[in-house]
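Good morning. I will take you through one model today, and I will keep it short.

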Amino acid sequence: MSESLDSGPPPQAPTTPPRQRLAELRGPDARPRPLDARALAALAANPGCDRRALLDGAGVDKAALATALGSPAPFGQSQFAFMRGNAFEARVTSDGGAELMRLLGAEGPTGFALPDLAAAGPEGRTARTALALRQATADGVWTLLRHPLLALEVAGAPAYLEPDAVVVHPDGRWTVVEIKSFPMIDASADAAKVGAAARQAAVYVLALERIAAHTGGASVAESVLLVCPKDFSNLPTASVVDVRKQLSVTRRQLARLTRVEDIATALPAGVTFDPERPADELRAAVAAVPAAYAPGCLAACELAFHCRDRARRAGAVETLGRSVRGELGGLRTVGDVLAAARGTAGDPDDPAVAALRRAAALRAEALAALPAARTAPEELPEAAGCH
Ligand code: SF4
């Protein structure tokens, strides 16, 4: 769904430098919100949304913005889910990581190395992680890095990312390990949750690839190890998840983010997303950036309630889901769809319009048959005993 300001004077090109412009978009007193793996993964989940790309790239606090717009979204992990996740991870790694390594097939008399990654500050921790990865690759031994810290430059600023674990194989391969507390029942788990975990893990793989590019003999696996509770127990089980698709989407998204300044430059001068501004001003500012609402936004973006409300008011077919949107071809609103079905608009040669008219005719036929069935119940054999 795209929205744009359709009134007022034509946009004027701002004269401020792009970086300063991004700071103005946040508001004069707002510190940029750092991007984490969850936010980067959510970006990859909706690659067509300029609005989210701009707000995230500029470091705008979207939760505060949604509240200022009057549409706060209960978003993020619940405290209970957070605690359950921590408890399961502690259970999986309680033996120093031996069970985790066993799930990867790293059993043997030589065991595995477990380097200390403690260092001061994020820069120190990322440097320590890179050093440990290079050392483990050079040594050619199984190595478990628990909570390493990786850096990925996003839109010109570093984003710090902390996977649950990275395992270095003796052949120099690095594998990301994600520990999640949702259950894996009969070797399969909730597809939406696995998809979200795969997108998050793909961000870690991308960050690791930057280090591996400067490490002789290293390569990063394009599949990750997902560790979950087995069935309804607290026992860990693992599944290898191919993240190649998520990797290519995330790469594309990150490349787009470097063009965030272009999106900002195209906005009218003076537009800001400072949550301290009046709601009407913020609504106009948000509407000035094209969005791509989909029901999936409800699980991934703080602005979802606002965008859904706008999409519904515009009658946009995007509110019905991406697959329905795809089936409807060039029909953009619910009004267009109904008009096409009634035969008052639309090209009859358009397959979507033809299918809608067929469906409308079948529905009319079915409805026409209903009164007869209702008014003559005695003709139905089972009606005699039905009261
Ligand atoms: S909720 Fe709005 S801003 Fe967020 S991804 Fe969806 S359309 Fe974009």
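I will start with the chain as a whole, then go to the cores, the ligand shell and two single residues.

This is a predicted model, so please keep that in mind throughout. The chain has 387 residues, and 42% of them count as buried. Its secondary structure consists of 15 helices and 8 strands. If you take the contacts with a separation of 6 or more, 65% of them join residues 24 or more positions apart. The accessible surface comes to about 20,000 Å², and carbon and sulfur atoms make up 56% of that.

Now the interior. The largest nonpolar core holds 46 residues, and the members that touch the most others are Leu40, Leu161 and Trp174. The element that gives the most to this core is helix 8, residues 191-212, with 13 residues. Another core lies apart from it and has 28 residues, including Ala58, Leu65, Ala264 and Ala311.

Next, the ligand. Which residues surround the ligand? Going along the chain, they are Asn46, Cys49, Arg51, Arg52, Ala291, Ala292, Tyr293, Cys297, Cys301, Leu303, Ala304 and Cys307. By class, that shell has 9 nonpolar residues, 1 polar and 2 charged. Two helices, helix 3 (50-57) and helix 12 (304-313), each supply at least two residues of the shell.

Two single residues remain, and both are in loops.

Take Arg277 first. This residue sits in the loop that runs between helix 10 (260-265) and helix 11 (279-287). Is Arg277 buried or exposed? Neither: its relative accessibility is 38%, and partly exposed covers the range between 20% and 50%, so Arg277 counts as partly exposed. The side chain of Arg277 makes a polar contact with the side chain of Glu281, at 3.0 Å. Leaving aside residues up to four places away in sequence, Arg277 touches Thr272 and Leu282. There is also a long-range pairing to look at: Ala68 is 209 residues from Arg277 in sequence, while their C-alpha atoms are 8.1 Å apart in space.

The other residue is His147. You will find His147 in the loop between strand 1 (143-146) and strand 2 (150-154). The phi angle of His147 is positive, about 50 degrees, although the residue is not a glycine. With a relative accessible area of 26%, His147 is over the 20% limit for buried and under the 50% limit for exposed, so it is partly exposed.

That is the end of my list; I will take questions now.

Definitions and conventions:
Residues are numbered from 1 along each chain as its sequence is written. This is a predicted model: local features need pLDDT of at least 70, side-chain atom pairs count only at pLDDT 80 or more; totals for chains, interfaces and linings use all residues. Side-chain values use heavy atoms; hydrogens and water are left out. A nonpolar core is a set of buried Ala, Val, Leu, Ile, Met, Phe, Trp, Tyr and Cys residues joined through side-chain atoms within 4.5 Å. Buried means under 20% relative accessible area, exposed over 50%, partly exposed in between (1.4 Å probe, protein chains only). Helices (H or I, at least four residues) and strands (E, at least two) are DSSP runs, numbered from the N terminus. Contact means heavy atoms within 4.5 Å. A polar contact is a pair of N or O atoms within 3.5 Å; within protein, one must be able to donate a hydrogen and the other to accept it, and residues adjacent in sequence count only if both atoms are side-chain atoms. A residue is near a molecule or strand if one of its heavy atoms lies within 4 Å of it. Ala, Val, Leu, Ile, Met, Phe, Trp, Tyr, Cys and Pro count as nonpolar, Asp, Glu, Lys and Arg as charged, and the others, Gly among them, as polar. Accessible areas come from the Shrake-Rupley method with a 1.4 Å probe; for residues, only the protein chains shown count as cover.
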